[in-house]
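User: Could you walk me through this model, with the cut-offs spelled out as they come up?

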2 protein chains.
Amino acid sequence: MGAFLAMEEGYLEKLNHVERKKYLQKIKIVRHLYVKGARSNADICNRFSISSPTSMALLNELMADGLVEKQGRGESVGGRKPELYGLRNNSLFVLSIEMEKFSTRMAIFDGTNNNITGIHTFPLKLSKDLSAVEELYQHASSLVLSTGIDADKLMGIGLSMPGLVSSREGDSYTYLLTGQDETPLQDLLALRFSKPVYIQNDVKSITLAEHRFGAAQGKRDVLVLTLDWGIGLGIIQDGKLRVGTSGFAGEFGHIPFIDNGVLCHCGKRGCLETVASGSALARMAREGLQAGQDTLLKALSDQEPEKIEPQAIIQAAHEGDQYAINILAETGRNLGKGIAMLIQLFNPELIIIGGKMAEARQYITTPIQQSINTYCMTQLRERTEIALSKLGAQAGILGPVATVMERIFEHRIESTK
Amino acid sequence: MGAFLAMEEGYLEKLNHVERKKYLQKIKIVRHLYVKGARSNADICNRFSISSPTSMALLNELMADGLVEKQGRGESVGGRKPELYGLRNNSLFVLSIEMEKFSTRMAIFDGTNNNITGIHTFPLKLSKDLSAVEELYQHASSLVLSTGIDADKLMGIGLSMPGLVSSREGDSYTYLLTGQDETPLQDLLALRFSKPVYIQNDVKSITLAEHRFGAAQGKRDVLVLTLDWGIGLGIIQDGKLRVGTSGFAGEFGHIPFIDNGVLCHCGKRGCLETVASGSALARMAREGLQAGQDTLLKALSDQEPEKIEPQAIIQAAHEGDQYAINILAETGRNLGKGIAMLIQLFNPELIIIGGKMAEARQYITTPIQQSINTYCMTQLRERTEIALSKLGAQAGILGPVATVMERIFEHRIESTK
DNA sequence: TTAAACTTTTATAAAAATTTAATAAAAGTT
DNA sequence: AACTTTTATTAAATTTTTATAAAAGTTTAA
């Protein structure tokens, strides 16, 4: 298998046209089996428009390569039961790294997308300088070592981080800056790890996770909103993540929303994020407390007045606190107005709401829906479903896995053309 | 050629796998030659990853079918000059129909996208009932007859109309309603014309025209804004028109923009269209005149106070009228704020501004740019170019041609799979 | 319940199609 | 004029597909 998937420098260049075509077909079959699970020979024939003997020959080669194995018989559809071919267990692994501003999480996933290590958290801070690269490598190495899996079997590494990320260039424009005309971050990491590395913005990464593993599975036009301190948006159109020309699409939190509004941390005034995010919610709570509102939050604020977190407000709402419910509703109404714009612009079939704020459940979704009803054209809103994320906190660590799934085969397919 | 491109009922079903594959390859070559113009054999080999003898055989078949012909020699790149293969002149024609609320335009285009009939205008009104279908057919028939071209050579018909159109279903949700569970408009027309018909919303159709023939050629992430009485938006992402799950994406004119604003014709209040469109401009002008503003528009309004058209205001601005310039600037600033949202959400490389309002040129673009600078994140706006449409009024009639180009081959390719 | 008839899958051999390699002709460069 | 590069064509080698048969399972009907 080493020889086949590893794709050493110059490996592809040595192949002639027929061999490249065969390599391409094999990669596509592997992707198919990875994404869909074990499949029959007949299924592969149909999927790729090749004849049964050809498909059989490719599968035999993949079995000889050690990548594919027979995995029992499928259900009969009126005749002989088909042999099922699937990826060999323990033959493919993916390392997922989720970097946040103040901590970093890692986990290793197997070929059937099971987390085999649990989530390891490190207090690794995300800054502009590159020192984190080496630290990341050390943590990752010892994690891989601890599992005892063959380093050869680690197919690739996915890395998600906040801020502006150009996934095409493989570079961040906010953190771990390599400098202009320098090797992009992704290539730098790939060199250090000797593995393909794919970086992606955190929200876009979560969006891929929702599309691959969550409520957006099989949907073609989906928006994923992540509501934490800020507001994130991931866009799936015609079944693919769309990131725009530089990879920065989806800056929904910073659209102009309120005239002469509060100063946003982005430097502008009145961004949506100033009235519809976790930080907006916290600000409303602080202002309410200062104005002498009677609420469960008082107890909290007496201890640490500046440390009111959205989650405490959500908690209070679930305990029936009227003020918390009110400010959540205001946040939701603002957000809903923003979402109404999104529905009009993107005409999605589904909008998934995730992030910590999603834990407010009906206290946020009801006012959102109310705003949508007010601000959205009937024909559009009637065709849009709003749902809460099922993946929840898992989405963050599954994101890089989905990113690797999306890119590792594409990358190979591209370089074969 | 009749047999080849016509695709009679059941033609494809008769083919075995190899024949279907060959048919698919030939269709793809024809599309390539149609979109790119005459090409060499070597180019086709590279483009489709097939060997020279195979490609030559396919081209020979296409020549025997009467679809392709040799069209001279290309430039040498250091050796023998390549033979160029192109679509036979006068072998493919497209009928373009542009329906507006109060009139309908038609023209026939040849295989190199030249308008061979000029634009014929009919006072055909767009309503909910289907009586227009027969009228359309009669007009079209006599137009085709007048050119003397073989009806067989009419490849397809493109039809654009305002309102909600589901291009996938081939049905309008605003005009020419066929009723639920009835044959969609597109199929109804296809039956009457005995030709493939493709319908599309007017703005999306224009967007395709800009992408195929205008300033968006070769670009991958483009937004096209049409500014007339209303505001239209067409979205190209990753090189393709994106229309959303029901085909209604891009309802930019009716996003909520002003709290408690003017009543919009859509029924809601404060839509962007109420402060940033041609009708908003006309309203501002009327209000200004009533308030006694001193402006060149006075002369006009004295005659027909209710008939101030955006074009008159633009004209006045070009003549130096300060009031006209001011209200255009206000319209532009509002629009610019909306465009700032679009840039943040879509991260396009180019935004094309078309429609009659584009004739205001710097009087509209300068305030637009000013708003973008105010409301848009630096990293995003720096990577976005704003340009005026070069196609201008031509875009409307070229749109259905681009729609046919986009769909007619896809349609055949789909049904081969 | 059992056996025959029918489907689907798998395997293999013959037929067909495609690619590669080889070659000649054409066009440009030194 | 000699050499290089590219195109176009033919023949040989390879690959893919089709056709066929056997194996395995399901359904139908006695």
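User: How far does a polar side-chain atom of B:Ser51 lie from a phosphate oxygen of DNA strand C?

Analyst: Bear in mind that this is a predicted model: local features need pLDDT of at least 70, side-chain atom pairs count only at pLDDT 80 or more, and totals for chains, interfaces and linings use all residues, while side-chain values use heavy atoms, with hydrogens and water left out. A polar contact is a pair of N or O atoms within 3.5 Å; within protein, one must be able to donate a hydrogen and the other to accept it, and residues adjacent in sequence count only if both atoms are side-chain atoms. For B:Ser51 and the phosphate oxygen of DNA strand C, the distance is 2.9 Å.

User: And which atom of DNA strand C is 3.1 Å from a backbone N or O atom of A:Arg80?

Analyst: Residue numbers run from 1 along each chain as its sequence is written, with chains lettered from A and ligands numbered from 1 in the order in which they are written. The side chain of B:Thr54 has an N or O atom 2.4 Å from a phosphate oxygen of DNA strand C. For the backbone of A:Arg80, the partner in DNA strand C is a base oxygen.

User: How many residues surround DNA strand C?

Analyst: A residue is near a strand or molecule if one of its heavy atoms lies within 4 Å of it. A:His17, A:Glu83, B:Ser51, B:Thr54 and B:Lys81 are the closest to DNA strand C. Sugar or phosphate accounts for 74% of the strand C atoms within 4 Å of the protein, and bases for the rest. The number of residues surrounding DNA strand C is 19.

User: What is a base nitrogen of DNA strand D 3.4 Å from?

Analyst: On the phosphate side of DNA strand D, a polar side-chain atom of A:Ser51 sits 2.7 Å from an oxygen, and A:Thr54 has a side-chain N or O atom 2.6 Å from one. The base nitrogen pairs up with an N or O atom in the side chain of A:Arg80.

User: Which element gives the largest share of the surface near DNA strand D?

Analyst: Helices (H or I, at least four residues) and strands (E, at least two) are DSSP runs, numbered from the N terminus. In total, 24 residues surround DNA strand D. The largest share, 3 residues, comes from α5(B).

User: At roughly what angle do the axes of helix α3 of chain A and α5(A) cross?

Analyst: Axes are lines fitted to C-alpha atoms, for helices over the stretch in contact, and angles run from 0 to 180 degrees between N-to-C directions. Angles under 35 degrees count as roughly parallel, over 145 as roughly antiparallel, 65 to 115 as roughly perpendicular and the rest as oblique. These two axes come within 10 Å and cross at roughly 75°. That makes the arrangement of α3(A) and α5(A) roughly perpendicular.

User: What rotation superposes chain B on chain A?

Analyst: The fit is by least squares on the C-alpha atoms of residues with pLDDT of at least 70 in both copies. The RMSD is 0.1 Å, the shift along the axis is 0.0 Å, and the rotation is 180°. The two copies are thus related as by a two-fold rotation axis, which goes with a rotation of 180°.
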